[in-house]
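Here are my notes on this one, point by point. Have the structure open while you read.

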Amino acid sequence: QVQLVESGGGLVQAGGSLNLSCAASGSIASISDMAWYRQAPGQQRDLIATITRRGRTNYAFSMKGRFTISRDNAKKMVHLQMNSLKPEDTAVYLCFAEIVTVTGNAAMDYWGKGTLVTVSS
């Protein structure tokens, strides 16, 4: 069984910073792409950034400059550094990973349950 667990969310004032983390655990053979998404109330889930196992990153255009994705392959973790936060960044932030389990033959998509980030004005 594989789990993705996010942490680091909370309440922050506009202009502040937060660092989110996501830890993968379970019967994992390998992890390929990892990513962060966010979903505001009543809105669709939006991609923030992806990162390959080798560290190549890709950001949604609107997220460039303020958000930085990174990963630690040894710890099976992915992070999201968020700076200059705005009230419109308020959302549930979700971790995503493509994981091959020790009993699997192909990568499958896994999601965390999310961590809430609230930015006050």
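1. Let me begin with the hairpin: β7 and β8 run antiparallel and are joined by 6 bridges. One pair to look for is Thr68, which stands opposite Gln81 in β8. Strands here are DSSP runs of E, at least two residues long, numbered from the N terminus, and two strands count as paired if DSSP finds at least two bridges between them.

2. Before going on, a word on the source: this is a predicted model, where local features need pLDDT of at least 70, side-chain atom pairs count only at pLDDT 80 or more, and totals for chains, interfaces and linings use all residues. Residues are numbered from 1 along each chain as its sequence is written, and side-chain values use heavy atoms, with hydrogens and water left out.

3. On its other side, β8 (residues 77-82) meets β3 (residues 18-26), again antiparallel and with 6 bridges. Leu18 has Met82 of β8 as its bridge partner.

4. Put together, this gives an open sheet of 4 strands, antiparallel in its pairing, in the order β1-β3-β8-β7. β1 (2-7) and β7 (67-72) are the edge strands, each pairing on one side only. On average, neighbouring strands are turned by 15° against each other, direction ignored (axes are lines fitted to C-alpha atoms, and angles run from 0 to 180 degrees between N-to-C directions).

5. Which way do the side chains of β7 point? They alternate: Phe67, Ile69 and Arg71 point to one face and are buried, whereas Thr68, Ser70 and Asp72 point to the other and are not. Buried means under 20% relative accessible area, exposed over 50%, and partly exposed in between, using a 1.4 Å probe and protein chains only.

6. Two loop residues deserve a look at their backbone. Most residues other than glycine have a negative phi. Lys76, however, is not a glycine and has a positive phi of about 55°; this residue sits in the β7-β8 hairpin, which has 4 residues between the strands. Lys76 is partly exposed at 31% relative accessible area. Ser84, in the loop between β8 and β9, also has a positive phi, near 50°, and is partly exposed at 41%.

7. Finally, the cysteines. The count is 1 disulfide (a pair of cysteine sulfur atoms within 2.5 Å), joining Cys22 to Cys95 with S to S at 2.1 Å. The torsion about that S-S bond is about -80°, so the disulfide is left-handed. Cys22 lies in β3 and Cys95 in β9 (residues 91-101), so the pair ties together parts 73 residues apart in sequence. Both Cys22 and Cys95 are buried.
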